Amino acid sequence: SQSLSWWSCLLNSRAPCVKTLVHGDQRRLFNTSNSRMTIMPAWVIDRYGSNDVLRFTKNAGFPIINYPNEVVVQVHAAGLNPIDVSMRGGYGAATMAMKRDPLNINQSGSEFPLILGRDMSGVIMECGLDVAPAYFKEGDEVWAAIPPWKQGSLAEFVVLSANEVSKKPKCLSHIEAAAVPYVAATAWSALVNTGGLNKDNCAKKRILILGGSGGVGTFSIQMLKAWGAHVTVTCSQNAERLVRGLGVDHVVDYTAGPVEVPLRALEKFDLVLDNVGGDTESWALGLLKPWCGAKYVTLVTPFLRNTDRLGIADGMLQTGVTVASKALKHLSKGVHYRWGMFAPNGLALDDISEMVDAGKIRAVVEEEFTFSQVPQAMLKVEKGHARGKTVVKISSGEDSAE
């Protein structure tokens with residue numbers, strides 16, 4: 001029967017072939033994919049630009065395990081984020097190139113063909129030798145936020161480090177699950193790692209979210225309310241019903257006039273999370289409680305723009321000078337100025353998965369697209385004014401793009 005299953009695996013070109021290997025006192029599987037498993041369907045870009053650079057191919061390179069702590073995942077659904085639109089245009093290219101090739105061995109443009117997509121929900125097809133079966137095994141349903149320097153989820157398969165992956169919440173479909181990881185990891189990085197909040201210290205704290213109806217906003221609202229915080233958000237009037245349904249305590253309509261005016265009339269806040277940027281820094285820090293450890297955390301930073309414009313060394317120097325000068329300026333006024341950034345975090349996704357299965361957080365999917373509609377999905381994200389997440393169903397031949 002082992003011989004029969006081996007040959008059936010060889011004849012099946014749609015899944016990785018595996019063989020048993022004794023590794024210490026464990027019997028493990030390792031990849032022996034045949035030559036036909038070298039390509040897969042994917043949406044790629046061959047240069048940076050507008051939406052017309054997106055290209056569907058059935059011949060994208062199949063991801064392979066290069067390190068023993070990696071897993072290959074068959075993607076069932078992919079979530080899109082504003083970072084995908086920005087990366088399509090070349091945003092962060094210099095920094096991402098350094099992360100992919102720190103010794104600068106490869107020539108410029110070696111990242112192409114590049115696959116976008118930062119959110120993923122799918123099924124593990126193969127595990128590296130150092131991935132303990134107690135954590136992950138073939139057939140496990142998982143979700144992940146893919147680091148922007150890695151190939152993305154707009155493809156049938158993706159390879160990730162096991163510490164970037166987490167078991168998918170049991171109560172969510174793949175479509176729903178793909179709406180959560182990237183915004184969840186971003187919000188966790190901003191609110192927990194940078195803002196210092198957690199489930200034990202959040203009760204009755206006053207939190208303001210500038211831009212509350214998008215992906216990061218809708219997730220942050222739910223996590224903070226689950227932890228007992230008082231949450232105020234800014235959004236347009238037609239998004240008020242959505243955020244109220246997520247448990248928001250107070251809503252300020254930014255379309256009704258200068259939003260800082262009604263905000264200044266409110267009791268001051270312990271933390272401000274800024275998803276908007278622009279001129280908000282000029283007035284948002286004045287909404288914080290002075291000399292109480294209050295923090296302003298912005299997710300709109302010039303770091304990648306600086307490195308794209310000035311190069312890695314000068315860009316990082318400029319960034320350091322900027323954030324240090326702003327932090328010192330506001331510290332003298334009794335408030336803390338911080339930058340928040342996405343950080344892949346499988347352990348955080350474990351905690352978030354438990355919160356989802358406990359009914360404390362739900363996925364907010366605004367619109368679902370098929371794999372053949374990726375360009376339309378990207379345009380939807382590019383238009384902004386999100387009311388949740390845009391998700392693409394990645395199918396295996398049932399809905400192939402032409």
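Me: Which residues form one aromatic cluster here?

Reply: W43, F56 and F371 do. Keep in mind that this is a predicted model.

Me: How many aromatic pairs does the structure hold?

Reply: Seven aromatic pairs turn up. To read one, check how far apart the ring centres are and what angle the planes make. Take F56 and F371: the centres are 5.8 Å apart and the planes stand at 85 degrees, so this pair is edge-to-face. Planes over 60 degrees apart get that label.

Me: Where do F56 and F371 sit along the chain?

Reply: F56 belongs to strand β4 (residues 54-61), while F371 is in the loop between β16 (365-370) and α13 (374-382). They are 315 residues apart, so the pair links distant parts of the chain.

Me: Are those two buried or exposed?

Reply: Both F56 and F371 are buried.

Me: Why is the pair of Y182 and F342 called stacked?

Reply: Planes under 30 degrees apart count as stacked. The planes of Y182 and F342 are at 20 degrees, with ring centres 4.4 Å apart, so they earn the name. This pair also links distant parts of the chain, 160 residues apart: Y182 is in helix α5 (residues 181-194) and F342 in the loop between β15 (336-339) and α12. Both Y182 and F342 are buried.

Me: Which charged end sits over the ring of F269?

Reply: That of R206, 4.7 Å from the ring's centre. There's a lysine case to look at too: K99 lies over the face of W149, at 4.4 Å from the ring centre.

Me: What about the backbone: which residues does a cis peptide bond join?

Reply: Start with the general idea: most peptide bonds are trans, and most residues other than glycine have a negative phi. Here a cis bond joins F112 and P113, with omega about -5 degrees. You'll find P113 in the loop between α3 (93-100) and β6 (119-127).

Me: What is phi of K204, and of H385?

Reply: K204 has a positive phi, near 70 degrees, and H385 has one near 55 degrees. K204 lies in the loop between α5 and β10 (206-210); H385 is in the loop between α13 and β17 (389-393). K204 is exposed, because its relative accessible area is 76%, and H385, at 59%, is exposed as well.

Me: Is S353 buried or exposed?

Reply: Under 20% relative accessible area counts as buried. S353 has 8%, so it is buried. This serine lies in helix α12 (residues 346-357). Leaving aside neighbours within four places in sequence, S353 is in contact with W143, K167, K168 and P169.

Key. Residues numbered from 1 in each chain as written. Predicted model: local features only at pLDDT ≥ 70, side-chain atom pairs only at ≥ 80, totals over all residues. Heavy atoms only, no water. Helix = DSSP H or I, 4+ residues; strand = E, 2+ residues; numbered from the N terminus. Buried < 20%, exposed > 50% of the residue type's maximum accessible area, 1.4 Å probe, protein only. Contact = heavy atoms within 4.5 Å. Phe/Tyr/Trp six-rings, centres within 6.5 Å; stacked < 30°, edge-to-face > 60°. Lys NZ or Arg CZ within 6 Å of the ring centre and 35° of its normal.
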